[in-house]
Amino acid sequence: MKITVAHTPDPDDAFMFYAMFQGKIKTKLQYEQIIKDIETLNKESKDARYEVTAISANGYVQVSDRYMLTRSGASFGISYGPIVVAAHDVDLSRARMGVPGYMTSSYLLYRMFGPESKEYVEIRFDKIPDAILSGDIDAGILIHDEQLTYEKHGLKKIFDIYAAWKEYAGNLPVPLGFNAIRKDLPKETIAGFLDDFERSIRYAMAHEDEAVRYAMQYARYTDMEMEKKFVRMYVNDLSIDFGETGRKALELYYKRAEEKGLIKPFKPEIV
């Protein structure tokens with residue numbers, strides 16, 4: 001059977017799918033690959049367009065009737081997470097805040113823990129630093145590679161979302177990106193994908209340099225060591241199977257959002 005898998009061009013995603021899509025492992029299924037940014041995929045998930053799609057923990061709330069989260073392929077921040085940056089100190093309660101998408105995990109996390117900003121402006125994640133420097137926004141939430149490069153642009157961190165999460169959840173990792181699979185697929189197809197994907201991640205982790213080199217074709221930067229550092233930030237043992245640790249982190253993530261009145265009571269379905 002052939003299914004469509006949509007993922008982001010971000011190094012961690014491309015890294016994990018490398019072995020599946022480049023014939024490094026023998027797969028149970030055939031795949032068509034679609035690559036789009038995370039907020040586009042969050043929005044397209046409302047139509048259940050793809051059998052498997054990358055999705056934010058926040059975005060999943062809106063499509064849980066059509067999709068289940070997969071236990072493999074998640075990006076949890078272990079001592080890392082989204083940050084808010086600006087060109088100078090800013091009163092965030094009066095700020096025009098750039099966000100990488102209203103369905104992203106980072107946006108919901110900021111709403112859980114940060115000061116409520118005057119205005120939120122949706123801007124593609126890689127355009128946020130330039131929007132700050134041009135004065136279009138006062139501050140912005142950074143995700144992906146931009147977390148490693150903002151200082152080169154003269155920006156400074158003014159709010160650490162992970163630090164706020166840690167104060168709330170202790171040593172549990174912060175839930176960020178996931179993969180979701182459609183509920184209407186045959187059970188054997190779901191099982192086949194899960195097996196293929198887990199083996200793909202294991203292969204990449206065992207062959208890091210070649211998997212990072214593959215991911216570099218989609219990267220916005222040419223510094224392999226930086227991309228490798230980013231992959232190591234978000235691809236770890238929890239990416240193979242996030243298990244009870246990941247389930248507990250998700251439980252607290254959604255619980256906090258409920259308590260803040262940002263979402264209705266919600267429990268994810270995980271396969």
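Student: What makes β1 a mostly covered strand?

Tutor: Count its residues in this predicted model. Five of the six residues of β1 are buried. Buried here means under 20% relative accessible area. With five of six below that cut-off, β1 is called mostly covered.

Student: How do you know that β1 and β2 pair?

Tutor: Two strands pair if DSSP finds at least two bridges between them. β1 and strand β2 (residues 30–35) share six bridges, in the parallel sense. Six satisfies "at least two", so the two strands pair. One bridge sets Val5 against Gln33 of β2.

Student: What makes β1 and β3 a pair?

Tutor: The rule is again at least two bridges. Strand β1 (residues 2–7) and β3 have two, in the parallel sense. That meets the cut-off, so they pair. Val5 also appears here, opposite Val52 in β3.

Student: How do you know that β3 pairs with β11?

Tutor: Five bridges join β3 to strand β11 (residues 174–182). Five meets the requirement of at least two bridges. These strands run antiparallel. Ser56 stands opposite Gly177 in β11.

Student: Which way do the residues of β3 point?

Tutor: Val52, Ala54 and Ser56 point one way, and Thr53 and Ile55 the other way. In a regular strand the side chains alternate between the two faces of the sheet. In β3 (residues 52–56), five of the five residues are buried.

Student: Why is Thr53 called buried?

Tutor: Thr53 lies in strand β3. Its relative accessibility is 1%. The cut-off for buried is under 20%, so Thr53 counts as buried. Among the residues that Thr53 touches are Leu41, Tyr67 and Phe178.

Student: Why is α1 described as largely enclosed?

Tutor: Eleven of the eleven residues of α1 are buried, so the rest of the structure largely encloses this helix. Among the buried residues are Asp12, Met16 and Phe17. Just after α1 comes Gly23, with a positive phi of about 70°.

Student: Why are α1 and α9 called roughly perpendicular?

Tutor: Look at the crossing angle. The axes of helix α1 (residues 11–21) and helix α9 (residues 208–215) come within 8 Å and cross at roughly 110°. Angles from 65 to 115 degrees count as roughly perpendicular. The angle of roughly 110° falls in that range, and α1 and α9 are therefore roughly perpendicular. The crossing is right-handed.

Student: Which residues make the contact?

Tutor: From α1 come Pro11, Ala14, Phe15, Tyr18 and Phe21. From α9 come Glu208, Glu210, Ala211, Val212, Tyr214 and Ala215. They divide into nine nonpolar, no polar and two charged.

Student: What makes β8 and β10 edge strands?

Tutor: Start with the open sheet of five strands, in the order β8-β7-β9-β6-β10. Its pairing is mixed. β8 (119–122) and β10 (156–160) each have a single partner strand, so one side of each is left without a neighbour in the sheet. The twist averages 30° from one strand to the next.

Student: How do you know that β7 and β9 pair?

Tutor: Strand β7 (residues 96–99) and strand β9 (residues 139–142) share two bridges, in the parallel sense. The cut-off is at least two, so they pair. Met97 stands opposite Ala139 in β9.

Student: What packs on this sheet?

Tutor: Helix α7 (residues 161–169) does, touching β6 (83–86), β9 and β10. The direction of α7 makes about 20° with that of β10. Angles under 35 degrees count as roughly parallel, so α7 and β10 fit that label.

Note on methods:
Residues are numbered from 1 along each chain as its sequence is written. This is a predicted model: local features need pLDDT of at least 70, side-chain atom pairs count only at pLDDT 80 or more; totals for chains, interfaces and linings use all residues. Side-chain values use heavy atoms; hydrogens and water are left out. Buried means under 20% relative accessible area, exposed over 50%, partly exposed in between (1.4 Å probe, protein chains only). Helices (H or I, at least four residues) and strands (E, at least two) are DSSP runs, numbered from the N terminus. Axes are lines fitted to C-alpha atoms, for helices over the stretch in contact, and angles run from 0 to 180 degrees between N-to-C directions. Angles under 35 degrees count as roughly parallel, over 145 as roughly antiparallel, 65 to 115 as roughly perpendicular and the rest as oblique. A crossing is left-handed if the near helix is turned anticlockwise from the far one by less than a right angle, and right-handed if clockwise. Contact means heavy atoms within 4.5 Å. Ala, Val, Leu, Ile, Met, Phe, Trp, Tyr, Cys and Pro count as nonpolar, Asp, Glu, Lys and Arg as charged, and the others, Gly among them, as polar. Lists of a residue's contacts leave out its neighbours within four places in sequence.
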